Structure formats: structure tokens, C-alpha cells
Amino acid sequence: MKPAEEYILKQPEPYKSILSHLQILIESSFPNANLQFKWKIPFYYLDDKPFCYLNPSKKKGYVDVAFWVSAHLTKYNELLISENRKVVKSLRYKSIDDINEEVLLTVLEEAHQLKDKGFYKRS
């Protein structure tokens, strides 16, 4: 078992269920996504480029799906959270019921299309 999968399975509820559901959605929509364990969290790569990562915050009670190219994202910006972060934006979930699959998959698809853009937006 991959370290990232082991990490997900060891999480307490509701984080384990949320992370597992997100993993299924991401991997079924992007079969070439490579799940790695970077910076002590599950991190997806596509075509050897950073794509998104899953970050459970047990202190605050949610799971973030954070996007590497978030500086370039334009769809559903009103739902993307950048709270106390300069560049990274994320979709945040406190339960499986919070996951709007249409929104998540739309933002993931846009992030995939922008994967060559890089982390920062340069003028």
C-alpha cells in the first residue's frame, strides 16, 4: 500500500470518509493522477507536475482540496478559499454531504488544463 493511501485509511472519521471519497472522485476522473505522499499529506501529480493535495485539518474540522495552480483558476472562485494564504486556494469540506461533485470536477478539470502555468501568476 502506498504511504498516502495508508495515511488516508489511518485518519479518524469523518476525515477518512471525506478523503476516501475525494480520492475516488479524483482518480476516477483523472486515471493518470499519481497519488504521492509529500509534505506529510496526500498529493496528486499529473504528467509529473503538481496537481492538487488533500489536507485534513483536525483542529478546524475540515478537509481542503488545495490546487497548485490556484492563482490561475477562474471557475467557482467564489467557492475557493484562500484564508490566510497568499497563493493557494482550496475547496473545503466538513462532511461528504458538503462535496458538490460538479463544482469539484469543474475546478479539477480547469486545474488540469492550467497545469503548465506554474504556482505563481506572473504579469
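**Core, helix α2 and aromatic pairs**

The largest nonpolar core has 38 residues, and those with the most contacts inside it are Leu 22, Phe 67 and Leu 104. At least two residues of this core come from each of α1 (3–9), α2, β2 (41–46), β3 (49–57), β4 (62–67), β5 (89–93) and α3 (101–113), while α2 gives the most, with six residues. The model described here is a predicted one.

**Helix α2**

- Helix α2 covers residues 15–29, and its 15 residues reach 21 Å from the first C-alpha to the last, which is close to the 21 Å expected at 1.5 Å a residue.
- Tyr 15, Ile 18, Leu 19, Leu 22, Gln 23, Leu 25 and Ile 26 are the buried residues of α2; seen down the helix axis they fall within an arc of 170 degrees, so they line one face of the helix.
- The face of α2 that is turned away from this buried side carries the exposed residues Ile 24 and Ser 28.
- When residues up to four places away in sequence are not counted, Leu 22 touches Leu 54, Val 63, Val 65, Tyr 93, Ile 99 and Leu 104.

**Aromatic rings**

- Seven aromatic pairs are found in a search of the whole structure, and one of them is the tilted pair of Phe 43 and Tyr 45, with 5.3 Å centre to centre and 35 degrees between the planes.
- Both Phe 43 and Tyr 45 are buried, and ring pairs link these two residues with Trp 39, Tyr 53 and Trp 68 into a cluster.
- The ring of Tyr 62 has the charged end of Arg 92 sitting over it, 3.8 Å from the ring centre.

Definitions and conventions
Residues numbered from 1 in each chain as written. Predicted model: local features only at pLDDT ≥ 70, side-chain atom pairs only at ≥ 80, totals over all residues. Heavy atoms only, no water. Helix = DSSP H or I, 4+ residues; strand = E, 2+ residues; numbered from the N terminus. Expected span 1.5 Å × (residues − 1). Buried < 20%, exposed > 50% of the residue type's maximum accessible area, 1.4 Å probe, protein only. Arc of directions from axis to C-beta. Phe/Tyr/Trp six-rings, centres within 6.5 Å; stacked < 30°, edge-to-face > 60°. Lys NZ or Arg CZ within 6 Å of the ring centre and 35° of its normal. Core = buried A, V, L, I, M, F, W, Y, C linked by side-chain atoms within 4.5 Å. Contact = heavy atoms within 4.5 Å.
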